[in-house]
Every structure is written in C-alpha cells, then in structure tokens.
Amino acid sequence: MTPPTHPSRRTVVTALGAAGFVALPAWPGTAHAADGPVLDTHPATEPSGTHVRDVGGTNVVFRYGVVLPAFDGWRTHEPTREYLSLDRRWRFRFDPRNQGLDESWQSPDLDDRAWGLIDVPSAWDLLDTPGFGSQTGPFGKGTAFADGYAWYRTVVDVPASWRARHVRIAFLAAGYSAEVWLDGVHLGKHEGANSPFALPVGGALRPGTRQTLAVRVFRRASYTDYTATTPQPVTDDHEIPYKPVDYWPYAGLTRSAWIEAVPRVTVAKLLVAGANGRVEARAIVENHGDSDFDGWLTLDPGRESGARPAVVPARIAARSAGVVRVSVGVPRAPRWSPAAPHTLTARATLTARRPSGPRVDTLSTRYGIRELTTEDAQLRLNGKPLFLKGLNWHEETAAHGRAMTPAEYDRELGHITAVGANFIRNCVYNRHPYVYDWADEHGVLVMDDIDTMWLNTAQEKLQTERYGLARALALTMAWNQHNHPSVILWCLQNESEIDPEGAPVYRAWLADMKAAVKAVDLTARPVTWASNTSNDPAFDLADVIGFNEYFGYFYGKDADLGPTLDAVHAKYPGKPILITENGTWSVAGTHGPDTTEGTEEWQAARFTAHWTQVAERSEFVAGFTYWVLKDYKQRAGYNQSYNGISVMGLLTFGEERPKLVHEAFRKAVNPRS
C-alpha cells in the first residue's frame, strides 16, 4: 500500500509581550494569522498541528490553531453554552474505490437519499457481519472487513443566535482517521482512532440556516486477504499503529459527537491539581473577539472543599489566549483514595467589568485531592505504598464493538471490581470519558495508554523527527485526562522494537513523549511503558519500570519471573517495578490437568505461579496486571479458527462467562491490603 500524502499544516503562535498572551493562529475557516516559534524540538506534519506553547508560564496544548478544549460536553452542559447533539442516524456510504472526493460527496448539493443509514455512535464493523461475537462465526465476512473510505452525512439547523459565538464540532472518536466538511468547506483532518478532537468551524458557519456536515472516515486494511493461509499485512509508516495488531481496529464514528457554541471569550480548559491542602488551577481563556477582555475569573473549588471561591483579574487581549492562575487553600477537603474516592467539582466563571458583573462563560471539572509519589522503590498514594492488583482490558462488546453504551460500561467495569482488582490498564489506547469518570467515582486506579504499539525503529525515528503523531497522542492523553485523580500512570508505548543498533532512536522517541506529558501535567504523574523485555535500555528514563512477561508460555519457565524481578531491582534499586502484562489462554469448557496447555486449569495455575512470585516482592514490585479481563476480538493472522477471538481472558467474549482463572484471580490476596 502506498502511504497517503500528508501535507504539512503546522500552526504556530506568537507571544504578545509580558502579559502572557498568545495570538490565536489561523486555521482553515478562521480569519486571523500569526507566525512564530513553537516549543517542539522537531517539526511535525501530522494533520492536527498539535503542539505546546508557554502561555504566561503554563504549557498549553494547541490543535487546529486553537486551544485543545475540554470534552465534558458529552456529559455536562454549561449554562453559558449551547449544544447540538450529533448522536443520531446519519446517511452512510462505503467508498471502496475512493471516488467520493472526485464526485463531491462533501457538497451540500449532493443528493444522498439513496445512501444507507448508520447510527452515530456505532462501529460500521457490526452493520452486517454474521456471528461477530461468536467463536464459530465466519471469519473474513461482512462489514467488519470493509476497509478504506466511508462517508457520513447529516443536516443541522444552525441557530441564528450563534452569530456572536465561537463554534466547534467535537468528536470523541473516529477510527482510524476522519476529514470533516461543513457545507463543502474543509474544516480539518484527524488521525488516531481513539482520541477526541474538536474542529473550529470559523467562517464556514452560516447561523440561521440549514447546513450539511460531511465526514470521510478511513480505515487501513490489516491484510490483503483475511482468509489466506499466510496473510500479507498492509502497513503505513505514518499511521499508529502502522501494521496489524492483535486487537480489533473498529471503524467509523464510534463515540458521541456534538456541536458546541461558546462565548467569544471562553474558558477553553480548566486544569486542576489538588494536593497537600491546596488546589492549583489554571484557566485557559480564549478571546476570539476583536476587543480586549478586561474582567474577572472566579474559581469555586467545590462545595466539599471547605474553601470560599477565589476571585482574580482576567485580562485577555483580542484574538489571543491567556492563562489565569488561581491557588486556593483547602485544608479540610477530603482526600481521594480507592477506599474513599471523594471527588470535588471546580467551576471557573468569567464575568465582565466586576466580579459580580454579567456572567460571560463557565466551565466546571471534577477532580480529587491526592498525593502521588515514587520513592524507595515504591509507588505511594497519600503517603501509603500501593500494590496494584490489575487487569488489562479492551473496550468492546459483542453487541456494539467499541461503541459501548453506559449500561455496557457499567457491566464491563463491574467485572473488574467483582474480582477485587484496584487497577486497570487502558491497553493500548485512550478510553471513552465515561471510563475515567467511573474510575474516579469507584476508586479504581488507572494507567492510561496511547496507540503506540509494535512500532519498529524506522517508525520511532519518523514519529520523533518528522511526523509527530506519537507526541500528539501523548500530549492529548495527558491534557484530556489531567484532572482525573484515578489516573496515576502515563504509559508511553507497548512492546515496540528495540534494535540494538537503534537503541538511541528508541530512547529519543521515549524521551520525546515523556517530555510531552511532563510538560502539561501539573501533578507530575509517573511515566512508564509496557516494554517487551526486562532488559530495556531506556529503563533509566522511566519513573516506574514496566514490562510484559510471558515466562513459561512464550519462553523460559514460570519460575524465571522471580529471579528476573530481583535482577531488575538490583540494577534499578530506587524504581518501583510493574508487571504490565502476564497471561495465558484457555478455551472455555476445556478441562484437564493443569499441565495441559489450553485447559482452564492450566491457565489458572499459570496465573497463580506468577502472582505468587510478584506478591512475595511487594517491597519493590508495585503491582501485577493480568492479560486480560475478557476474551477479545482481533484481525491478526491467528485465532481465525475462533473467529478472531483471542481466548486469554478471565471471561468469555460474547457471554462474558467466567473461566477458572476468574476465581483464581479473585482469590489472590493483595499483599498491601
């Protein structure tokens, strides 16, 4: 497959003097421009132009020429804003010959009445795929294997009141990439199947009229022939992941979407860090108007914080972004912990002229007061050592793929707490915002991941030095999940290649992503990754050493794990160690001796052998993360006899029925409990 053209759309901002403002640069559909340096070490050509700017001493993430905004609109509606949901039935058409652009399928004049229909959110994989959730269904059949381009179209009635508003279109996910048009005006392109994005509509908006929204979604084929004995992979060096991986690459508009109209002077993002009896907040304010804004910002740290709202001046130059910093003492605020997951709600309110003047905009966010540290080879929360009894999990169900309903999330995540786990790894991509809110409320700790799985040295170099998509994914992960107290670890990659001759490339890639997340995380969460080896040449860069191990399954013996952990600890005595993956497999209902591979007994015994060696070393091992909660779907060139279902879970895929390892995991005693 020939890699697609990736034109550079790098956007930059310019500081406007000592006030700490930055000008809002141009993007298609906007009416202003600026030039200047960016903070990134290398140029990037990924299509969103994601980068960081120092705004008055706070690092701010910009994308599509504006501040990357909060995505709470899927859940909460601010009283100063207007929302138009795009969760509805859209017109839909596959475009296997890539003719849509030539035939202007993005045009508002196109007659699309003969097109099919699809729900948003949903995955087009399940439109017409017989037996998708069954182990005996026909592999290689149906829309689950429809790759290439597909188009979505819908009509929206734009309120006339939006003439004085800044308007953006938000998508929580589009797999793998998406381009968006409003009435034929191209708004932008996004890459990354599992990260949200928001496109400013600028001059394309015509308030008081009916307009056509068109989205072209692309998914690369995994193989040239899915049913071949030796399938040939399809790759693209610019994409992440760049080759087939062993989870299902669900396609389409798989999460909610909406249009959000905000005031021209607006709180784009509210960063909150609560620790040691204080709340440190950064309100990133955009002024899309032609006049300077001179007003006030009130930060309410929440009813249970025990503190009064703080009021500070807010002066933002026209066509600029600025940061308003607020620090509030909250000595009586309850701490967040797994045993007592107290969350608070902070609200920033902009007012004009005086603190009690006309309300301009509001933005609220949930957060928690907690202290997270790594010291003496331990990961500590509120001063107490943690041991993470964890599970990897994939975000999918047999009924809806990755477009899960709230009820499905509740059931799925409830499986995690039912077995006594206190930790989940979001392998190997960001989840729906519902998941982070759920974890905050239920006291479950989270390691958040991005899609950087199985890159080789060439891709690591490409992403670091030219394309920048890996950095963009890392930045947006830390920015979007910043305020969630449940998120305690940033994971930078999974099992990517470490070529002995390319080790400097590998280290530079990891250092680049680490610098990105550290730049925007006010809480300085630890950084780790899921290495494919316990002898990773970059472990000195990690705050927590993380590696996947499959002793006794893919290599070595079960008993090799303990000595390996001892050796890693001896080399890095001050760093906590986390097993980011370990597991085996069984076919549900297959029973026999625990020495017979593939039986439920064998899978359960292998877990117990590994768990025991880890738990015995809890003074320097911070946890164990089992692979995986539930059997899962993948299009890789194996498990085709099970309809692409990998059978490594505690539970089966479709029925979510427990295997013997489920009970073994439940009975495993957390050594720190």
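Helices and strands are taken here as DSSP runs, numbered from the N terminus. On this basis, Gly-208 of the predicted model is placed in the loop that joins strand 12 (197–200) to strand 13 (210–219). The relative accessible area of Gly-208 is 48%, and the residue is therefore classed as partly exposed, a class that lies between the limits of 20% and 50%. When residues up to four places away in sequence are not counted, Gly-208 touches Val-158, Pro-159 and Ala-160. With respect to Ser-104, from which Gly-208 is 104 residues apart in sequence, the C-alpha to C-alpha separation is 24 Å.

A second loop position was examined in the region between strand 7 (116–119) and strand 8 (148–157), where Pro-138 is located. Pro-138 has a relative accessibility of 37% and so counts as partly exposed. Apart from neighbours within four places in sequence, Pro-138 is in contact with Pro-130 and Asn-643. The C-alpha atom of Pro-138 is separated by 20 Å from that of Gln-232, the two residues being 94 residues apart along the chain.

Attention then turned to the helices. Helix 4 comprises 12 residues (469–480), for which a rise of 1.5 Å a residue leads to an expected span of 16 Å; the end C-alpha atoms are 16 Å apart, in agreement with that expectation. Of the 12 residues in helix 4, 12 are buried, so the helix is largely enclosed by the rest of the structure. The buried residues of helix 4 include the charged residue Arg-471, and among them are also Leu-469, Leu-473, Thr-476, Met-477, Trp-479 and Asn-480.

The packing of two further helices was also described. In general, a pair of packed helices is characterised by the angle between their axes and the distance between the axes. For helix 3 (residues 457–467) and helix 5 (residues 503–520), the angle is about 40° and the axes are 9 Å apart. Angles from 35 to 65 degrees fall outside the parallel and perpendicular classes, and helix 3 and helix 5 are therefore oblique to each other. The crossing of these two helices is left-handed. On the side of helix 3, the contact involves Thr-457, Glu-460, Lys-461, Gln-463 and Thr-464, which meet Val-505, Tyr-506, Ala-508, Trp-509 and Asp-512 of helix 5. By residue type, the contact of helix 3 with helix 5 consists of 4 nonpolar, 3 polar and 3 charged residues.

Conventions. Residues numbered from 1 in each chain as written. Predicted model: local features only at pLDDT ≥ 70, side-chain atom pairs only at ≥ 80, totals over all residues. Heavy atoms only, no water. Helix = DSSP H or I, 4+ residues; strand = E, 2+ residues; numbered from the N terminus. Expected span 1.5 Å × (residues − 1). Buried < 20%, exposed > 50% of the residue type's maximum accessible area, 1.4 Å probe, protein only. Axes fitted to C-alpha atoms, helices over the stretch in contact; angles between N-to-C directions. Parallel < 35°, antiparallel > 145°, perpendicular 65-115°, else oblique. Left-handed = near helix turned anticlockwise from the far one by under 90°. Contact = heavy atoms within 4.5 Å.
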